[in-house]
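Me: I would like to go through the reasoning behind some labels used for a structure, setting each value against its cut-off. Please have a look at it with me before we begin.

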Amino acid sequence: MPRRRRTRLVLIFLLPELALILSFVLVPIIGTFIISFKTSHGYGVGNYYSVITERSPDRALVIPENIIKAQPPPWGALVHNIIWVAIHVPVVVFLGLTLAYLLRDVVGSSIVKSIMFLGMVIPMVVGGLLIRFMFDSDLGVIPVFLRELGIKSLAHTWTNYPQTALIALILGSVWLWTGFSLTVYAAALESLPKSYIEAARVDGASDFQIFFKVVFPLVKHATIIVVVMTMLWDLKIFDIVFVSTRGGPGGATNVMALVMYNYFARALDYGKSAATAVILALISLIPGIWFIRRVVRPSAEKR
Amino acid sequence: MVKIVVASNASFWGIVIGVFIIGIIIGAAATYYTASKQTVTKTIPSTSVITQTVTKTTTITTAATTGVAHATKTVTITTTTSPTLTAPKEKVKLVVIGPWSGKEEKYFRAVIGNFTKKYPNIQIEYIVRRAEDIAKTMPLQFAAGKTPADVVITPWAWWIVKMAKKGYVLDISNLINPNEYISGIVDKVTYNGKIYGAPFAMWLKPGFWYRKSFFQKYGLKEPRTWSEFLELLNKIKKIPGIKAPIVTGDGVGWPESDIVEHFLITFGGPSLQLKLINCEVKFNDPQVKEIFKKYLVPLIKEHYFSEPIEWTQAIQLWWNGKYALYFMGTWITGMVPNPNDLDFFPLPGAKGVVGGADYAFIPKFTKHPEAAKLFVKFLATEGQAYYVAEPAGKIPTWKGVKISQIWKPMQTVYKKITERHMVILPDLDDSVGGSWQTLFWDQLKLLWAEPDKVDQILNTLTQQHPACKGK
């Protein structure tokens, strides 16, 4: 097909999508960007300065007030997001890969995988409620189990206490997100030739060595996808926090998206809300660009 | 292989231009449709005139937001407003957004039913939306010159005033005579001398609720002094099967704030509540600190209060005897299986009770201002009588409603408050509003988890209080 005709055809097919992206993605992004610089005195970086230096526990991004006098938590919302990423990503990668590997040749594993995937299917608002009840001192599986084990100090409602609230939400999100990781790894392992593992076994490699030195490097692309998608999910996390703790107690589970919401819906301060959104978007770009460099661009170059 | 026929140069540009032309046609049609709808609205004739004059006598206890009246007094109401409202002769449909769903919606629909019976030409479409959702979506719609409803009902008076300041709300001063209402209630929606919201029925947060049968079974009595209160808590603690004497409800934090306000009013007097709202007294003031440290914090530390439990779940646990007392608003009367088994007591010595109303306002961009005014006026007056007759746990703000018209269990509450000469005070966090309100709720959740951090919490509440900034 001649190049010019092909270009035109592509343009025709792209036109509706471009129109939609322009109207519902680009225009709002540009609008948000402009609003983020709009202050009561005109245009400037005042909103960014206020947002970054804010010390109120419900809106602080980095350091809330009283952190020096009192022992954290809470930290700032951005720090909570980073903690979330630091715990959630490795746990999800490890659990997803391990489960996918162990369930590989097990009869009925598809049923287990489907059950695991349920966490991805249910709305996150419901997920947030389930997390709240999962860690409830009377109804929750975990506090009841810990009480049976005699660990009474942790047999309380985890979301009520600053020391346990954030970890409760992170553990809950592991349950919600492992289904995704498991599915990606299961698909990657399906495409892995069994002969590689058999050859390693013939060479005398132990199961542990096969897992870490053969399987793990061979599913590198799947790992990158899981890592990036999980990081992006963690950075923009909102619904489960909003439903289960609203960022509390005392701001101990506050996250950036919730700060943005608080500026928008409670303080009705659209400038600061937009500034928070821009900061969040810029931070989210880091794993996004890394993903494009590591996966998308090399794949395109191969073609 | 499938051969794709590609458009020629001319037909390519033809498609592009075609898309634009179709777009223009659709746009023009939409504009014409909208314009024609507006024309129809404007041409509705309205000639019927309704005037209303009320003369009633009733007994109420009053409180003002600027000062506190302690006496029960008889008020003779003579309505001075005779609003001239025009009822539409042709059918008009009003969209009303309000916060009530479930059973509460059913009770509100009884009010709507009576209104439409009176004004058959006005049809009402009721949409449920929480105050939070209203506050986050409507400002943008107002800024675009549009409104999703002709009448909006919300408990957040501060938000109505905020919208009024931006010019988004119709002035309804000629519809509301503040003298006909519980004093102070209209002040919350008054800005620059103009009234922007019509008060509807109100709830109260009168004290600790208990089951009469439970108290009878264990020989418990309402306390008359603080030491009797502590004695009662200790007695309850020893009852087998009781997890804690008082169950702490948890919503997004607000049930804890109600308890705190009750302690502040009891030990600091009703005026303290008002001074805290305006930051005439700061949260880290020694007087406030003492109330927290001497009365509330020891109770939390000694586990007289339960952990915060989702407040509707807490009702079930309390009703089933896992807890004996529950601090909650009067709406609880409509949420228990047998409201006749219900009674309450305030903390000994309490001279004030927090009460708050829902307010109806008319967005400036309504297409049916006359019909909307009729509905708002109805809600603010006789509509309240229909509502408080339902088991919604509310009392009227309009003095024109007789006590005998109120649902019986609420009559008991009303009488008990009147007998104790308790004044009705505005809700502290509802009055301050904005992001401070959620901060207040959240900091109190922290207090329940870590009562030793009381100083830090009170400092945070002071530093972030909008009225305290710069003081």
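Me: In this predicted model, are B:Glu450 and B:Lys453 buried or exposed?

Reply: Both B:Glu450 and B:Lys453 are buried, a label that requires a relative accessible area under 20%. The side chains of these residues also meet each other in a salt bridge, with 2.7 Å from N to O.

Me: What makes the contact between B:Glu382 and B:Lys118 a salt bridge?

Reply: The closest N and O atoms of B:Glu382 and B:Lys118 are 2.6 Å apart, and the rule asks for a side-chain nitrogen of Lys or Arg within 4 Å of a carboxyl oxygen of Asp or Glu, so the pair qualifies. Because B:Glu382 belongs to helix 12 of chain B and B:Lys118 to helix 2 (residues 102-118) of that chain, the salt bridge ties together parts that are 264 residues apart in sequence.

Me: Why are B:Glu382 and B:Lys118 called partly exposed?

Reply: The label covers values between the buried limit of 20% and the exposed limit of 50%. B:Glu382 has a relative accessible area of 21% and is therefore partly exposed, and B:Lys118, at 40%, also counts as partly exposed.

Me: How do you know that B:Asp455 and B:Lys289 form a salt bridge, and which parts does the pair tie together?

Reply: Their closest N and O atoms are 3.6 Å apart, which is within the 4 Å that the rule allows, so the pair is counted. B:Asp455 is in helix 16 of chain B and B:Lys289 in helix 9 (residues 286-301) of chain B, so parts separated by 166 residues in sequence are tied together. B:Asp455, with a relative accessible area of 29%, is partly exposed, and B:Lys289, at 23%, counts as partly exposed as well.

Me: How many salt bridges are there over all chains, and how many cross the interface of chain B and chain A?

Reply: The count comes to 27 over all chains, while the rule finds four across the interface of chain B and chain A. B:Lys243 and A:Asp138 form a salt bridge whose closest N and O atoms are 2.3 Å apart. Salt bridges that share partners also join A:Arg246, A:Arg266, B:Arg130, B:Glu132, B:Asp133 and B:Lys136 into one network.

Me: What else describes the contact between chain B and chain A?

Reply: The contact takes 44 residues from chain B and 44 residues from chain A, and the area buried between the two chains is about 3,700 Å², with carbon and sulfur atoms giving 50% of that area. Between these chains, 15 residue pairs are in polar contact, both residues being at pLDDT 80 or more. Several elements of chain B each supply at least two residues of the side that touches chain A, including helix 1 (9-42), strand 13 (305-310) and helix 15 (434-449). Helix 15 of chain B gives the most to that side, with 11 residues.

Me: Why is the pair of A:Trp177 and A:Phe180 called tilted?

Reply: The ring centres of A:Trp177 and A:Phe180 are 4.7 Å apart and their planes stand at 35°. Centres within 6.5 Å make a pair, planes under 30 degrees apart would be stacked and planes over 60 edge-to-face, so the angle of 35° leaves the pair tilted. The two residues are three positions apart in helix 7 (residues 162-190) of chain A, which means that about one helical turn separates them, and both are buried.

Me: What makes B:Phe200 and B:Tyr387 a tilted pair, and why do these residues count as buried?

Reply: The ring centres of B:Phe200 and B:Tyr387 lie 4.9 Å apart with the planes at 40°, so this pair is tilted. The pair links distant parts of the chain, with B:Phe200 in strand 10 (residues 198-205) and B:Tyr387 in helix 12 (residues 382-388) of chain B, 187 residues apart. Buried requires a value under 20%; B:Phe200 has 1% relative accessibility and therefore counts as buried, and B:Tyr387, at 0%, counts as buried too.

Me: How do you know that B:Arg211 lies over the face of B:Trp319?

Reply: B:Arg211 is placed at 3.8 Å from the ring centre of B:Trp319, where the distance limit is 6 Å. B:Trp319 is also one of the buried residues of helix 10 (residues 311-319) of chain B.

Notes: Residues are numbered from 1 along each chain as its sequence is written. Chains are lettered from A and ligands numbered from 1 in the order in which they are written. This is a predicted model: local features need pLDDT of at least 70, side-chain atom pairs count only at pLDDT 80 or more; totals for chains, interfaces and linings use all residues. Side-chain values use heavy atoms; hydrogens and water are left out. Rings of Phe, Tyr and Trp (its six-membered ring) pair if their centres lie within 6.5 Å; planes under 30 degrees apart count as stacked, over 60 as edge-to-face and the rest as tilted. Helices (H or I, at least four residues) and strands (E, at least two) are DSSP runs, numbered from the N terminus. Buried means under 20% relative accessible area, exposed over 50%, partly exposed in between (1.4 Å probe, protein chains only). A charge sits over a ring if NZ of Lys or CZ of Arg is within 6 Å of the ring centre and within 35 degrees of the ring normal. Contact means heavy atoms within 4.5 Å. Buried area is the accessible area (1.4 Å probe) that two parts lose on being put together, summed over both. A polar contact is a pair of N or O atoms within 3.5 Å; within protein, one must be able to donate a hydrogen and the other to accept it, and residues adjacent in sequence count only if both atoms are side-chain atoms.
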